[in-house]
Amino acid sequence: MTRICTLSSGSSGNCIFLSHNGTTVLIDCGITGRQAIACLQSIDADPCDIDFILVTHEHSDHTSGVGVMSRKFNIPIIASRGTWSGMSIGRIEHKNRFTFDGNKSFCIGEINVIPFDIPHDANLPTGYRFELGTKKVAVATDIGFVSESVINAVLGCDLVILEANHDRDMLVNGPYPYYLKKRIGGQHGHLCNDDAGELAASLVKSGTKEIILGHLSIENNSESIAFKTVERILGQSGIKTGRDVLMSVAPRYCAGKVAGL
Ligand SMILES: [Zn+2]
Ligand SMILES: [Zn+2]
């Protein structure tokens, strides 16, 4: 049995829950330990059952609760060497520190984990593709553009958590200072709704059945703008949400709907 769900999504904090045949992992924990526990309880999950925390990159919206959760529940952490060198999560016992080299795949219980490079302004940041028996799931957020490694990892997945960070016009015309606009809209920043839409269309053509849009900007996007933009671009390829693909937006502060595969 597989359960996957976002516990929090956006620049205020990201955390994803994945459980498959008795193995449970969190992908990132950029919320407080208290918030993570409350979110887990809201989906009837026990923090004591978490086997590993996988980290995508060192930014605090992905790591602020990682150390607390690891210490409180004795949870091992897995991250790239670059992420380990960049993240500030307090003291972690040696036995709970794991790394991987060269994005080689590895297994946690029956979950096969395949890290992949993401174009983002962090130290060796990674997305993750998970092979769960016959099903595949990918987490692709914090991506400045759809690079070859991203596309290779996400195509063919049954479910993808995909970044739809900002509306390009809202970013350009919004209140952010120029350097921040440049960073977010740049090749190592965040994915805009239009690019998410183009990738979503490729995903559906490759067999993806469910897309969860995530990591929305609070200032430069809204749930309805993200959803409608991606829906419109899917429509240009004759793809209809609800009929050809299930699509939803991950809530910012609480757990989303639990998807089962
Ligand atoms: Zn980031
Ligand atoms: Zn982020």
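Here is a chat about the metal sites and strands of this predicted model.

Trainee: Before we dig in, what are the ground rules on numbering and confidence?

Mentor: Residues count from 1 along each chain as its sequence is written, chains are lettered from A and ligands numbered from 1 in the order written. Side-chain values use heavy atoms, with hydrogens and water left out, and in this predicted model local features need pLDDT of at least 70, side-chain atom pairs count only at pLDDT 80 or more, and totals for chains, interfaces and linings use all residues.

Trainee: Which residues coordinate the zinc ion (ligand 1)?

Mentor: Donors here are N, O and S atoms within 2.8 Å of the metal (3.2 Å for Na, K and Ca); water is not among the atoms, so sites may look incomplete. In sequence the donor residues follow H-x1-H-x60-H-x21-D. At 2.1 to 2.7 Å, the zinc ion (ligand 1) is held by His57 (NE2), His59 (ND1), His120 (NE2) and Asp142 (OD).

Trainee: What is the geometry at the zinc ion (ligand 1)?

Mentor: Four donors count as tetrahedral if all angles lie between 85 and 135 degrees; four count as square planar and six as octahedral if opposite donors are over 155 degrees apart and all others between 65 and 115; anything else is irregular. The four donor atoms around the zinc ion (ligand 1) subtend angles of 88 to 176°, so the arrangement is irregular.

Trainee: And which residue bridges the zinc ion (ligand 1) and the zinc ion (ligand 2)?

Mentor: The zinc ion (ligand 2) has Asp61 (OD), His62 (NE2), Asp142 (OD) and His215 (NE2) as donors, at 2.1 to 2.2 Å. Its site is irregular too, with angles of 91 to 165°. The two zinc ions lie 3.4 Å apart, and the residue bridging them is Asp142.

Trainee: Is Asp142 buried or exposed?

Mentor: Buried means under 20% relative accessible area, exposed over 50%, partly exposed in between (1.4 Å probe, protein chains only). Asp142 has a relative accessible area of 1%, so Asp142 is buried.

Trainee: Switching to the fold, which strands stand at the edges of the open sheet?

Mentor: Strands (E, at least two residues) and helices (H or I, at least four) are DSSP runs numbered from the N terminus, and two strands pair if DSSP finds at least two bridges between them. Seven strands run in the order β6-β5-β4-β3-β2-β1-β14, with mixed pairing. Two strands have a single partner each, so one side of each is left without a neighbour in the sheet: β6 (97-100) and β14 (259-260).

Trainee: Which helix packs on that sheet?

Mentor: Within the sheet, β4 (residues 52-54) and β5 (residues 77-80) run parallel, joined by two bridges. The helix touches β3 (23-29), β4 and β5, contact meaning heavy atoms within 4.5 Å. The helix is α3 (residues 66-73).

Trainee: How many residues of strand β9 are buried?

Mentor: β9 (residues 126-132) pairs with β8 (residues 111-117) in the antiparallel sense over seven bridges, and with β10, also antiparallel, over five. Val113 stands opposite Phe130 in β9. Strand β9 is mostly covered, and the buried count is six of its seven residues.

Trainee: Which residue takes a positive phi in the hairpin of β9 and β10?

Mentor: Arg129 has Ala138 in β10 as its bridge partner. The hairpin has two residues between the strands. The residue with a positive phi, near 65°, is Gly133.

Note on methods: Axes are lines fitted to C-alpha atoms, for helices over the stretch in contact, and angles run from 0 to 180 degrees between N-to-C directions.
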